[in-house]
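Grab a pencil and work through a few exercises on charged side chains. Each one comes with a solution you can follow step by step.

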Amino acid sequence: GRSWFARPPITVDNNGISKINDMRYHTPRGALMLATDYGLIESYDDGVTWQSFQTPIVPKSAPISAIAVHPRRSETFWMTTGNQMYRTQDGGITWKQIILPTSLQVSMLRVDPQNPLTMYAGLTQ
């Protein structure tokens with residue numbers, strides 16, 4: 001925290017981002033990934049520019065609330081919207097939808113780094 005850099009407001013395709021719900025640095029991709037009210041977005045230049053990440057959720061149609069990255073398989077990660085989770089095992093080319101057994105919304109998602117078959121989800125109403 002000794003140095004900080006101011007960045008302009010985040011925009012994607014001329015759309016402003018008003019809410020960031022979650023953030024992960026994906027080391028193998030070299031990308032900062034944000035779960036936002038616009039959708040899943042990423043930056044490869046430390047937040048100077050941003051682009052949409054192709055997902056089954058059309059940008060601006062539903063907020064992405066949480067993201068998680070597999071600790072050993074760089075092409076596997078998850079995102080959530082509402083009570084639905086999506087998983088990709090090929091870096092976002094294909095996605096599998098998982099309906100969670102709750103009506104509550106997922107607000108936090110973490111993968112156990114010692115046992116990636118175990119995931120933790122924080123829920124809100």
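**Exercise 1.** Work out which salt bridges link Asp 22, Arg 24 and Arg 110 into a network.

*Solution.* Keep in mind that this is a predicted model.
- Step 1: start with Asp 22 and Arg 24, whose side chains form a salt bridge at 3.3 Å, N to O.
- Step 2: now try Asp 22 with Arg 110, and you get a salt bridge at 3.8 Å, N to O. That distance makes the list because the cut-off is within 4 Å.
- Step 3: place this pair in the chain. Asp 22 sits in strand E3 (residues 20–26) and Arg 110 in strand E11 (residues 105–111), so the pair ties together parts 88 residues apart in sequence.
- Step 4: put it together: Asp 22 has a salt bridge with Arg 24 and another with Arg 110, giving the network.

**Exercise 2.** Sort Asp 22, Arg 24 and Arg 110 into buried or partly exposed.

*Solution.*
- Step 1: buried means under 20% relative accessible area.
- Step 2: Asp 22, at 10%, counts as buried, and so does Arg 24 at 19%.
- Step 3: Arg 110 comes in at 32%, so call it partly exposed.

**Exercise 3.** The whole structure has three salt bridges. Describe the one between Glu 42 and Arg 29.

*Solution.*
- Step 1: the Glu 42 and Arg 29 side chains meet at 3.2 Å, N to O.
- Step 2: Glu 42 belongs to strand E5 (residues 40–43), while Arg 29 is in the loop between E3 and strand E4 (31–36), 13 residues apart.
- Step 3: Glu 42 is buried at 4% relative accessibility, whereas Arg 29 is partly exposed at 21%.

Note on methods:
Residues numbered from 1 in each chain as written. Predicted model: local features only at pLDDT ≥ 70, side-chain atom pairs only at ≥ 80, totals over all residues. Heavy atoms only, no water. Buried < 20%, exposed > 50% of the residue type's maximum accessible area, 1.4 Å probe, protein only. Helix = DSSP H or I, 4+ residues; strand = E, 2+ residues; numbered from the N terminus.
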